[in-house]
Amino acid sequence: MTDELVVLLDEHGNTLGHAPKATVHTTTTPLHLAFSCYVFDPDGRFLLSRRALGKKTWPGVWTNSCCGHPSPGEPVADAVTRRLADEVGLVVDDLTLVLPAFRYRAVMPDGVVENELCPVFRAVTSAEPVANPAEVDDVEWVAWPEFTREVLDGTRPVSPWCRLQVEELAALGPDPVRWAAGDVDALPPAARVLTG
């Protein structure tokens, strides 16, 4: 089995190269390409996930449905589909880019840094998740309006990237099914190349 690789980026989102994922997340994590996905069911419920306790970054923290990194040369949408299957056992009916230019940097109490250009996708499925315990400790379907309100008022703790993403997603409107697709041209250049 080969090491999982991540795509390293310059400040403008261009590819600089790649590095093993296992070596990237440190106190000096370089900027790299990632993605986040928010999964909804046909009734508009949101799939919340709790990160596995063995994760290097934010173990045991509740967050969005799925996160990950495209491999070098892999279209971002393909990476989302791959990780949804790997992490929560889902095949989705619809996958839409909604926040093409999301970027964040967050530091854990032990000093380990996340530093990502992280396009955000919305997915819809009628299937039930099956969590992979190596990736996901637990999942829960929640009502999106209540989840959004609780994240924004601070009563529901979530990962730092999820909080920031929810702020931007809330601005897209109250009904996730009606969120407009994001502009592919606003993706980081490395991700535009990988849109297939």
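**Cores and a pocket in a predicted model**

Setting aside neighbours within four places in sequence, phenylalanine 46 is in contact (heavy atoms within 4.5 Å) with Tyr38, Val39, Phe40, Thr63, Asn64, Ser65, Glu140, Trp141, Val142, Trp144 and Phe147. The model is predicted, so local features need pLDDT of at least 70 and side-chain atom pairs count only at pLDDT 80 or more, while totals for chains, interfaces and linings use all residues. Residues are numbered from 1 along each chain as its sequence is written, and side-chain values use heavy atoms, with hydrogens and water left out.

Phe46 also appears in the largest nonpolar core, where Tyr38, Phe46, Trp144, Phe147 and Leu169 touch the most other members out of 26 residues. Such a core is a set of buried Ala, Val, Leu, Ile, Met, Phe, Trp, Tyr and Cys residues joined through side-chain atoms within 4.5 Å; buried means under 20% relative accessible area (1.4 Å probe, protein chains only). A second, separate core of 25 residues includes Val39, Leu84, Val136 and Trp141.

Away from these cores, what is the relative accessible area of proline 70? The value is 0%, so proline 70 is buried. Proline 70 and glycine 44 lie 26 residues apart in sequence and 27 Å apart in space, C-alpha to C-alpha.Among the 35 residues that line the largest pocket, the closest to its centre are Glu4, Lys21, Lys55, His69 and Glu135. On a 1 Å grid over the protein atoms alone, a pocket is an open set of points where a 1.4 Å probe fits, with protein on both sides within 12 Å along at least five of seven lines, and lining residues have an atom within 4 Å of a point.

Definitions and conventions:
Buried means under 20% relative accessible area, exposed over 50%, partly exposed in between (1.4 Å probe, protein chains only).
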